[in-house]
Amino acid sequence: CALYDALLALLLFAVSVALRAVAPLAVVSWDEPAWVLRSTRFLLALRSGDWAQTLQTGHPGVTTMWTGALSLNWHRLITGRVSLAALQSVARIEFPEQVQDAAALRELAALLPYAKPGIWVANALIVAAAYLLLRRLLPRRMAWVAGLALALSPYYTALSRLLHLDALAAGLMLLSLLAALAHQERPQTWAIALSGALAALATLTRSVGLFMAPVAAMLIVWAGLRRPQRRVRVMLSAAGIWAAAALATVALLWPAVWVDPLGAVQAVLNLL
C-alpha cells in the first residue's frame, strides 16, 4: 500500500542522511572551499536582491549553491553558529586567487561544516524518491533492493557527502530518467512534467544534465508509438509538458535568468 511505501522511503531517507552525516569533515574535497564561497555569495545575493550575482560559475552549480546557502542561513537564523559578519567577510575573498591562501582557507573551513548538511538532505531525498519512482516500474521487493543498494553504495555515499556537483547531478538525472520511464510505461502528465523539472534541476547543478533532453525525447517518441491513435498529438503534448516544466524550474530557481537570461545561458554553454 501507499503508506507502506512511504514508510520504506522514509527509512531510506533516514539511513542516507545518517551515513552522510557521520564524521562530516573526515574527507574534504579540494574544491569544497570554493563551493562554500560561492554558496555564501549566492546567499548574500538573494538577501540583497542582486539577482545577477546568483551566476557564480558556468557549471552552473545552482542547486549546490541553494543547498549550501540554505544550510548557512539555517545556522545563521536557528542555531546562531554562523554570523552575517562571517558571511560578509568570506564573500570578500577573491576567487580563485585567494582561495588557496592560508587565511582565506581558514575562513572557508570554518563555514564548511555549516554549509554541507543541505546537500546531505538533498541526496538522501533523491534516494527516497528513486525508490518511490521505481515502485511505478518494479515490484516492491525489487524497488526496495535497488533503493537500498543506492543508499549504501560506498562510491555514491562518498561523493554525496561533499558540497559538490557530481552526486547531485547524477541523482537528479536518474530521477528524471525514472519519471520518463514511468510515463513511457503509462502516459501520465505528472510523470513527464516531473521528468522535465528534474532534468532542469540536474542541468542547474551541472550542464551535463542537458543530455536528459534527447533521452526524454526518445522515451516520449517510444511512448507515442505504442499508442495506435493520435500518436503525433500525444508526442507533441508530452514534449511540450516536459519542456515547459524544465523552463519553469530554471526560471523559478535561478534568479540570474531574470535579469540576464542570455548571459546565464552563455555561461553554461561555455563549459559544455
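The exercises below work through a predicted model, in which local features need pLDDT of at least 70, side-chain atom pairs count only at pLDDT 80 or more, and totals for chains, interfaces and linings use all residues. Residues are numbered from 1 along each chain as its sequence is written, and side-chain values use heavy atoms, with hydrogens and water left out.

**Exercise 1. The peptide bond before Pro60**

Task: Determine whether the peptide bond from His59 to Pro60 is cis or trans, and state where Pro60 is found.

Solution: Begin with the omega angle, which is near 5 degrees for the bond from His59 to Pro60, and this bond is cis. For background, most peptide bonds are trans. Then place the residue: Pro60 is found in the loop between helix H2 (32-48) and helix H3 (62-79), where helices (H or I, at least four residues) and strands (E, at least two) are DSSP runs numbered from the N terminus.

**Exercise 2. Aromatic pairs and a charge over a ring**

Task: State how many aromatic pairs the structure holds, describe the pair formed by Trp51 and Trp258, and then describe the pair formed by Tyr131 and Trp144.

Solution: The structure holds 3 aromatic pairs. The criterion is that rings of Phe, Tyr and Trp (its six-membered ring) pair if their centres lie within 6.5 Å, with planes under 30 degrees apart counted as stacked, over 60 as edge-to-face and the rest as tilted. One of the pairs joins Trp51 and Trp258, with 5.1 Å centre to centre and 65 degrees between the planes, and is edge-to-face. This pair links distant parts of the chain, since Trp51 is in the loop between H2 and H3 while Trp258 is in helix H13 (residues 256-259), 207 residues apart. For accessibility, buried means under 20% relative accessible area, exposed over 50%, and partly exposed in between (1.4 Å probe, protein chains only). Trp51 counts as partly exposed because its relative accessibility is 29%, and Trp258 also counts as partly exposed, at 46%.

Tyr131 and Trp144 form another edge-to-face pair, with 6.3 Å centre to centre and 90 degrees between the planes. Here Tyr131 lies in helix H6 (residues 117-134) and Trp144 in helix H7 (residues 140-152), 13 residues apart. Tyr131 has 0% relative accessibility and therefore counts as buried.

As a last step, look at Trp35: the charged end of Arg38 sits over its ring, 4.4 Å from the ring centre. The test for this is that NZ of Lys or CZ of Arg is within 6 Å of the ring centre and within 35 degrees of the ring normal.

**Exercise 3. The largest cavity and Asn123**

Task: Identify which element supplies the largest share of the lining of the largest cavity, and decide whether Asn123 is buried or exposed.

Solution: On a 1 Å grid over the protein atoms alone, a cavity is a set of points where a 1.4 Å probe fits but cannot get out, a pocket is an open set with protein on both sides within 12 Å along at least five of seven lines, and lining residues have an atom within 4 Å of a point. Grid points are joined across faces, edges and corners, and a volume is the space filled by probe spheres set on the points. The structure holds 1 cavity of 30 Å³ or more, and about 40 Å³ of space lies in the largest cavity. H6, helix H8 (154-160) and helix H9 (166-185) each supply at least two residues of its lining, and H9 gives the largest share, 3 residues.

The lining includes Asn123, Ser160, Ala167 and Leu168. Asn123 lies in helix H6 and counts as buried because its relative accessibility is 1%. Leaving aside neighbours within four places in sequence, Asn123 is in contact (heavy atoms within 4.5 Å) with Arg20, Tyr156, Ser160, Ala167 and Leu168.

**Exercise 4. The largest pocket**

Task: State the volume of the largest pocket and which element gives the most to its lining.

Solution: The largest pocket has a volume of about 500 Å³. Of the 22 residues that line this pocket, the closest to its centre are Thr67, Gly118, Val121, Ala122 and Leu125. H3, H6, H9 and helix H10 (189-205) are the elements that give two or more residues to the lining, and H6 gives the most, with 8 residues.
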